[in-house]
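Colleague: I'm new to reading structures, so could we go through this one together? I'd like to ask about helix packing and empty spaces.

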Amino acid sequence: MNIQRWMSRQFFTFFMTWGIFLPYWTGWLINAKGMTVPQASLIMSLGLLARGLSTLLAFPYLSGKFSSKTLLNGMGIATLISILCYIPANSFTSLLVITLLFHFCYPALMPALDSAAGILVQHNQLKHYGKSRSWGSIGFVIAGLILTVFTGALGDQVILWMMLLGTMVLVYLSLLRAPDVLTVKPKVNKANQGGMLKLFTIKHFALVLLVVILLQAAHASYYNYGYIYLQELHAPKYLIGVIINIAVIAEIIFFSRADKAFHKFSVGSLLALAALGSTIRWILLFAFPNVIVFCLAQTLHACSFAMGHYAFMKYLIKNIPHEQIPKAQGIYSALALSWSTAVFTIFGGYLYEIEPRYAFIGMIVCTVPAMMLALVYRKLNQKQELKEINTDLPS
């Protein structure tokens, strides 16, 4: 079987559904289910909390009990069931309960897929992680373009049916044959028994994790206020979706070239470059409040998000034992991709109320420390490598 193609297909189908869920789900709750903005915000905020608990606690625990394929199948089926439950639900309470279930199952597919990719790379069965991951970004863009057409013609009701269709395809593909290494049930051993805390005994794990938490948290204002900021800048409404997708296109280009272009770069160098690009991005949005500069700054998403994510995956593959990768992915997903973003959304919202541009420049409180810590890690790692070389030399 072509494992590169299999992994690309899994990323593509998941991120197609993610491209429906992430930008449109709050709007669907408001426009299709009749929720008020505060009600929809509360539902999604509590869902984010459930997502963090799922990826931090439930996913790592289950990954120690079941194979990667079993996890992908189970979480996919549970996601499909929760989406079906949305159809008859119309009250705030019912939508909240279903959303908690949905967020507990669905977002855990992301670290599950990245864990599967990491395992395949470690077993020399997946040659190019970045190439496969780029298909995820392509799926995200395609979903957004398709949904723009359908919602314009049929209204926001179509969002649920598109999500349901996409999830059905995702589940069908997950039930097909997978690489053999992903069907093996994890063995109970001392590495597994150490739990999550054992990860922090691995050299520099805590430092690298802190850097990527800061890098991902810095996107809080962009994710939550980028759309309305473009409206503040009087961007043509029909172009706002295109402008937002410039970032995803930059991400696609990065992932498709990363394995060849950056294979000689150390993790520390990649993290430092990601932090530098992120800092420049938010400074540009603050200093030059116009649509053209916003479009140019969008290309730096390749640094601020994609390069940081790629660097963390590179660190995991090189330093984290096979059986500990799901736990590391769970911590990363919960702390970097969920809770830190939620905290800095509040901070960015406070700044946005004062002056919209402040919400973006405020994010350098994350990126500047991230750059300094990345340089510290780079120096420590270089010293460690030199020490290992000197140890291996004959006396």
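Modeller: Sure! One term to start with: a helix axis is a line fitted to C-alpha atoms, over the stretch in contact, and the angle between two axes runs from 0 to 180 degrees between N-to-C directions. Keep in mind that this is a predicted model.

Colleague: Okay, then how are H9 and H12 oriented to each other?

Modeller: Take helix H9, residues 205–217, and helix H12, residues 267–287: their axes come within 11 Å and cross at roughly 20 degrees. Angles under 35 degrees count as roughly parallel. So the answer for H9 and H12 is roughly parallel.

Colleague: And what classes of residue make the contact of H9 with H12?

Modeller: The crossing of these two, H9 and H12, is left-handed. On the H9 side the contact has Val208, Val211, Val212 and Leu215, and on the H12 side Leu271, Ala274 and Ala275. Sorted by class, there are no charged and no polar residues in the contact of H9 with H12, and seven nonpolar.

Colleague: H12 and H14 pack too, so are they roughly parallel or roughly antiparallel?

Modeller: H14 is the helix at residues 301–319, and its axis is 8 Å from that of H12, at an angle of about 160 degrees. Anything over 145 degrees counts as roughly antiparallel. That's why H12 and H14 come out as roughly antiparallel.

Colleague: How many charged residues are in the contact of H12 with H14?

Modeller: H12 passes H14 in a left-handed crossing. Among the residues in the contact are Leu270, Gly277 and Arg281 of H12, and Met307, Tyr310 and Lys314 of H14. By class, the contact of H12 with H14 has ten nonpolar residues, five polar and, for the charged ones, two.

Colleague: Let's try H3 and H7. How do they run relative to each other?

Modeller: The axes of H3 and H7 are 9 Å apart, and the helices pack at an angle of about 155 degrees. The crossing of H3 and H7 is left-handed. With over 145 degrees as the cut-off, H3 and H7 are therefore roughly antiparallel.

Colleague: Which class has twelve residues in the contact of H3 with H7?

Modeller: From H3, the residues in this contact include Leu72, Gly76, Ile77 and Leu80, and from H7 they include Met163, Leu164, Val171 and Ser174. One residue in the contact of H3 with H7 is charged and five are polar, while the class with twelve is nonpolar.

Colleague: Now the empty spaces. Which helix gives the most to the lining of the largest cavity?

Modeller: The whole structure has two cavities of 30 Å³ or more, and the largest holds about 50 Å³ of space. Its lining is Gln10, Leu72, Gly76, Leu109, Leu113, Leu170, Val171 and Ser174. Helix H3 (68–86), helix H5 (109–122) and helix H7 (158–175) each supply at least two residues of that lining. The biggest contribution is three residues, and the helix giving them is H7.

Colleague: And which helix gives the most to the second largest cavity's lining?

Modeller: The second largest cavity has a volume of about 40 Å³. Around it sit Trp6, Gln10, Lys69, Leu72, Asn73, Ser174, Ala178 and Leu182. Helix H1 (3–31) and H3 each supply at least two residues of this lining. The most, three residues, comes from H3.

Colleague: How many charged residues line the largest cavity?

Modeller: For contrast, take the second largest cavity: its lining divides into four nonpolar, three polar and one charged. In the largest cavity, the lining has five nonpolar and three polar residues, and for charged residues the count is no residues at all.

Colleague: What about pockets? Which helix has the largest share of the second largest pocket's lining?

Modeller: The second largest pocket holds about 340 Å³ of space. Of the 21 residues lining it, Val184, Lys185, Pro186, His322 and Glu323 are the closest to its centre. Helix H2 (37–63), H3 and H5 each supply at least two lining residues. The largest share is three residues, from H5.

Colleague: Last one: which residues does asparagine 90 contact, leaving aside its neighbours within four places in sequence?

Modeller: Asparagine 90 is in the loop between H3 and helix H4 (92–105). From asparagine 90 to phenylalanine 254 is 42 Å in space, C-alpha to C-alpha, and 164 residues in sequence. With those neighbours within four places set aside, the contacts of asparagine 90 are Lys33, Met35 and Leu95.

Methods:
Residues are numbered from 1 along each chain as its sequence is written. This is a predicted model: local features need pLDDT of at least 70, side-chain atom pairs count only at pLDDT 80 or more; totals for chains, interfaces and linings use all residues. Side-chain values use heavy atoms; hydrogens and water are left out. On a 1 Å grid over the protein atoms alone, a cavity is a set of points where a 1.4 Å probe fits but cannot get out, and a pocket is an open set with protein on both sides within 12 Å along at least five of seven lines; lining residues have an atom within 4 Å of a point. Grid points are joined across faces, edges and corners, and a volume is the space filled by probe spheres set on the points. Helices (H or I, at least four residues) and strands (E, at least two) are DSSP runs, numbered from the N terminus. Ala, Val, Leu, Ile, Met, Phe, Trp, Tyr, Cys and Pro count as nonpolar, Asp, Glu, Lys and Arg as charged, and the others, Gly among them, as polar. Angles under 35 degrees count as roughly parallel, over 145 as roughly antiparallel, 65 to 115 as roughly perpendicular and the rest as oblique. A crossing is left-handed if the near helix is turned anticlockwise from the far one by less than a right angle, and right-handed if clockwise. Contact means heavy atoms within 4.5 Å.
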